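Here are some notes for a colleague who is meeting this structure for the first time. They begin with the chain as a whole and then turn to a few individual residues.

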Amino acid sequence: MGVSYLTPKARTVSSADGGFGSVAGVPIDAGETIVAFGGTCLTRAEFDRLPSDRRRHSIQIDDGLYMAGAVEPEAATFINHSCEPNCGMSGAVLLVALRPISAGEHLSYDYAMSDGSDYDEFECLCGSVLCRGRVTGDDWMVPELQLRYRGHFSPYLARRIAGLVSVGAERRAFAL
């Protein structure tokens, strides 16, 4: 039995480059839960001692806290990044469908919705017209993404965004 959940409406597939992903096996309605990430909650110091493969298949859940999945990757860990995703965060460990998803469509979410540190930065190859080219732990700070994914950031990032907004409002009020 695994520590994470992947909807029975999806399945894991291998890709031409030797990696894995997940696709919808049947249509999925907007708002349906796709994944519940599970695992072991670790501080950054503990997390940094994990092998790189295990860190790559983990998720940040708060400032300085990470959910490390099972030692052997599970189906839920194969929801890949896209700069034009069809899934988004709902709370700290759930992914939901942002829109109706067709059978055969790859499931993806933008890691900017959950990652606020440098543990999993990489050159993006998603192929979307919205592709940023590089995924970083600072992507949550991009105003366009804050608007696009409003309501679908991990709670700790939503708090950070709210802090940026309140600081900006204070600065504008001070300038008047």
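**Notes on the predicted model**

1. The chain has four helices and 13 strands, and the reader should keep in mind throughout that this is a predicted model. Along its principal axes, the C-alpha trace spans about 55 × 40 × 25 Å.

2. On overall dimensions, the radius of gyration of the chain is 16 Å, which agrees with the value near 16 Å that a compact globule of 176 residues would have. Buried residues account for 41% of the 176 residues. Among contacts between residues at least 6 apart in sequence, 63% join residues that are at least 24 apart.

3. As for the surface, the chain exposes about 9200 Å², and carbon and sulfur atoms supply 57% of that area. The chain carries 16 positive and 22 negative charges, and the mean positions of these two sets are 3 Å apart.

4. How many disulfides does the structure hold? The count is zero. Cysteine 83 is in no disulfide, although the nearest cysteine sulfur, which belongs to cysteine 124, is 3.8 Å away. A disulfide is a covalent bond between the sulfur atoms of two cysteines. The sulfur of cysteine 126 also has that of cysteine 124 as its closest cysteine sulfur, but at 3.6 Å the two are too far apart for a bond, because a disulfide needs the sulfur atoms within 2.5 Å.

5. The surroundings of these cysteines can be set side by side. Cysteine 83 counts as buried because its relative accessibility is 0%, and the cut-off for buried is under 20%. Cysteine 124 also counts as buried, in this case at 8% relative accessibility, whereas cysteine 126 is partly exposed, with a relative accessible area of 27%.

6. Cysteine 124 deserves a point of its own, and its place is in the loop between strand E12 (122-123) and strand E13 (134-135). Leaving aside neighbours within four places in sequence, cysteine 124 is in contact with His81, Cys83, Cys131, Gly133, Arg134 and Val135. Isoleucine 79 lies 45 residues from cysteine 124 in sequence, and the C-alpha atoms of these two residues are 15 Å apart in space.

7. Is leucine 125 buried or exposed? Leucine 125 is exposed, because its relative accessible area is 80% and the cut-off for exposed is over 50%. Leucine 125, too, is placed in the loop between E12 and E13. Along the chain, leucine 125 and cysteine 83 are 42 residues apart, while their C-alpha atoms are separated by 9.4 Å.

8. Valine 135 is found in strand E13 and is buried, with a relative accessible area of 2%. When neighbours within four places in sequence are left aside, valine 135 is in contact with His81, Tyr111, Asp120, Glu121, Phe122 and Cys124. His81 is thus a residue that valine 135 touches and that cysteine 124 touches as well. From valine 135 to threonine 77 the separation is 58 residues in sequence and 17 Å in space, taken from C-alpha to C-alpha.

9. The last point concerns valine 3, which is placed in the segment before strand E1 (5-6). At 44% relative accessibility, valine 3 counts as partly exposed. Which residues does valine 3 touch, not counting those up to four places away in sequence? They are Gly38, Gly39, Ala70 and Glu74. For glycine 38 in particular, the C-alpha atom is 4.9 Å from that of valine 3, although the two residues are 35 apart in sequence.

Notes:
Residues numbered from 1 in each chain as written. Predicted model: local features only at pLDDT ≥ 70, side-chain atom pairs only at ≥ 80, totals over all residues. Heavy atoms only, no water. Helix = DSSP H or I, 4+ residues; strand = E, 2+ residues; numbered from the N terminus. Rg over C-alpha atoms; globule rule 2.2 N^0.38 Å. Buried < 20%, exposed > 50% of the residue type's maximum accessible area, 1.4 Å probe, protein only. Contact = heavy atoms within 4.5 Å. Areas by Shrake-Rupley, 256 points an atom, 1.4 Å probe, with all protein chains shown as cover. Lys, Arg positive; Asp, Glu negative; His and termini not counted. Charge placed at Lys NZ, Arg CZ, Asp CG, Glu CD.
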